[in-house]
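Before a contact is given a name, it helps to ask what earns that name. The questions below take up several such terms, one after another.

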Amino acid sequence: MPTDSGVDRARLAALADRERASFAERRPRSAAAYQRADHLFGRVPMTWMNKTAAGFPIYFETAHGNRITDVDGHEYLDFCLGDTGAMAGHSPAPVVDAVTRRLAGPGGATTMLPTEDAAAVGAELARRFGIPYWSFALTATDANRWAIRLLRAVTGRPKILVNSYCYHGSVDESLIVVGPDGRGRSREGNVGAPTDVTTTSRVAEFNDLEGLERELAHGDVAAVLMEPALTNIGIVLPEPGYLAGVRELTRTYGTYLINDETHTFSAGPGGATAAWGLEPDVLTIGKAIAGGIPIGAYGLSAGLAEAILARTDLDLVDMGGVGGTLAGNPVSMAAARACLEHVLTEPAFDSMIATATAFAGGLRKIIEGYALPWSVSRLGARVEYRFADPAPRNGTESAAAADGELEDFLHTYLANRGVLLTPFHNMALMAPQTTVADVERHHEIFAAALGELTAATA
Ligand SMILES: Cc1ncc(COP(=O)(O)O)c(C=O)c1O
């Protein structure tokens with residue numbers, strides 16, 4: 001039974017049917033393309049693309065800035081932005097130029113040899129995040145995997161601790177939640193776990209320092225892997241003192257701290273780490289930093305880099321389990337350099353955050369106007385509403401506030417009127433190109449959806 005989101009279920013079901021029918025009727029080409037994809041597993045390039053509110057995915061034709069067009073001739077304002085992969089906007093010109101120049105000029109998509117762009121990207125990441133030594137992957141998942149391996153090796157401890165209902169990519173160690181009895185257990189839906197997750201991992205709720213200390217006191221945790229704010233179960237913001245407490249406890253118990261800034265990068269040009277003065281030992285990131293071209297990266301503090309390099313028994317060059325033939329390739333590096341130097345700049349963040357502030361403010365007013373028990377959270381350029389008020393304090397509370405039917409209805413309603421949200425939740429992200437007029441357009445449609453849902457006028 002879904003949470004009490006404050007809406008009439010029968011009305012919601014009827015409206016959802018109407019919107020799904022309209023979605024299908026107006027997208028015959030997308031529907032046909034989906035039906036023709038007989039040799040794709042699940043009919044999609046990757047099975048998660050079946051996470052669509054209306055039954056089949058929209059096949060897009062063009063994507064520039066914050067606009068997408070589909071094969072049926074519809075245009076969308078894109079607030080999904082590839083769930084952060086396209087936070088720089090789609091196909092930003094400096095990234096397109098840099099990648100084209102690399103491939104059409106000197107050439108070499110992948111060579112096993114470094115280019116000088118890599119050092120420039122490392123230096124820029126060091127400047128932004130205050131973390132001095134960088135290494136590259138092709139996804140944030142891999143950056144997390146490799147950080148975990150290094151920290152297990154250097155500490156000799158077997159376990160990783162994460163927050164309940166976190167998401168760090170398909171990292172086996174992270175698929176653990178706090179169960180109703182307060183103990184860790186495998187997250188529902190986990191596929192093909194290599195081993196019982198409680199043998200590799202510990203878990204604590206976000207914003208719970210007591211729970212964290214209880215787990216760290218076992219002395220077997222190599223690293224805490226966390227987002228400075230949860231972003232994959234709605235946005236759950238840290239309470240005052242929580243992040244400082246995490247840092248203090250990890251130091252007390254000899255546990256390293258990894259900040260995964262893949263999404264919290266929305267907080268500013270140096271992510272939450274710079275915005276909030278955090279001091280992680282490792283910082284992992286991916287998605288947005290190369291303007292949509294595949295990349296992942298992990299940065300190491302000076303002390304940690306020294307400790308790892310001093311371990312001459314660790315094979316960091318050949319069979320050590322940290323690898324990726326195409327990692328650090330010249331195209332990713334050229335794209336990241338261009339994106340960081342010319343697109344996701346300080347002024348760009350100023351504008352994205354101002355637009356997101358307008359988005360959050362407008363959203364709150366509309367929700368209040370319809371007296372719905374929902375809350376709105378913002379993390380820099382990223383905004384999300386949750387079907388609970390006050391806003392959830394941790395992952396378990398936020399998971400309990402999920403309402404799939406309502407979410408699907410809102411996503412379909414918005415898509416039918418030319419607005420895209422992130423399919424996995426109610427997240428809206430601002431690109432440098434997103435304008436206040438775009439925000440107002442979203443709000444007009446959102447208010448109309450709530451009007452129909454509640455059959456009232458605000
Ligand atoms: C915080 C965080 N870390 C890591 C990842 C994994 O990123 P990727 O799928 O690009 O490997 C995600 C993906 O959503 C994420 O949200």
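A polar contact is a pair of N or O atoms within 3.5 Å, and within protein one of the two must be able to donate a hydrogen and the other to accept it. In this predicted model, 7 residue pairs across the interface of domain 1 and domain 2 are in polar contact by that rule.

Q: Which parts of domain 1 supply the side that touches domain 2, and what kinds of residue are found there?
A: At least two residues each come from α11 (346–369), β13 (375–379), β14 (382–386) and α12 (395–400). The residues of that side divide into 9 nonpolar, 7 polar and 6 charged.

Q: Where along the chain do domain 1 and domain 2 lie?
A: Domain 1 is made up of 9–78 + 346–454, while domain 2 covers 93–343. Taken over C-alpha atoms, their centres are 27 Å apart.

Q: How do you know that the two domains are in contact, and how many residues take part?
A: Contact requires heavy atoms within 4.5 Å, and 22 residues of domain 1 are in contact with 27 residues of domain 2.

Q: What area do domain 1 and domain 2 bury between them, and which residues of domain 1 supply the most of its part?
A: Between them the domains bury about 2,000 Å², with 59% of it on carbon and sulfur atoms. Of the area that domain 1 buries against domain 2, F349, L379 and R393 supply 32%, more than any other three residues.

Q: Why is the pair R127 and E346 called a salt bridge?
A: The closest N and O atoms of R127 and E346 are 3.6 Å apart, and the rule asks for a side-chain nitrogen of Lys or Arg within 4 Å of a carboxyl oxygen of Asp or Glu, so the pair qualifies. Across the interface of domain 1 and domain 2 the rule finds 2 salt bridges, whereas a search of the whole structure finds 27.

Q: What makes E405 and R9 a salt bridge, and where in the chain are they?
A: Their closest N and O atoms are 3.2 Å apart, which is within the 4 Å limit and therefore meets the rule. The pair links distant parts of the chain, with E405 in helix α13 (residues 404–416) and R9 in helix α1 (residues 9–25), 396 residues apart.

Q: How do you know that T141 is in polar contact with the ligand?
A: A polar side-chain atom of T141 lies 2.5 Å from an oxygen atom of the ligand, within the 3.5 Å limit, so the pair counts as a polar contact. H263 also has a polar side-chain atom 3.2 Å from a ligand oxygen atom, and a polar backbone atom of A140 is 3.4 Å from one.

Key. Residues numbered from 1 in each chain as written. Predicted model: local features only at pLDDT ≥ 70, side-chain atom pairs only at ≥ 80, totals over all residues. Heavy atoms only, no water. Domains from an automatic or database assignment. Buried area = accessible area lost by both parts, 1.4 Å probe. Helix = DSSP H or I, 4+ residues; strand = E, 2+ residues; numbered from the N terminus. Nonpolar A, V, L, I, M, F, W, Y, C, P; charged D, E, K, R; others polar.
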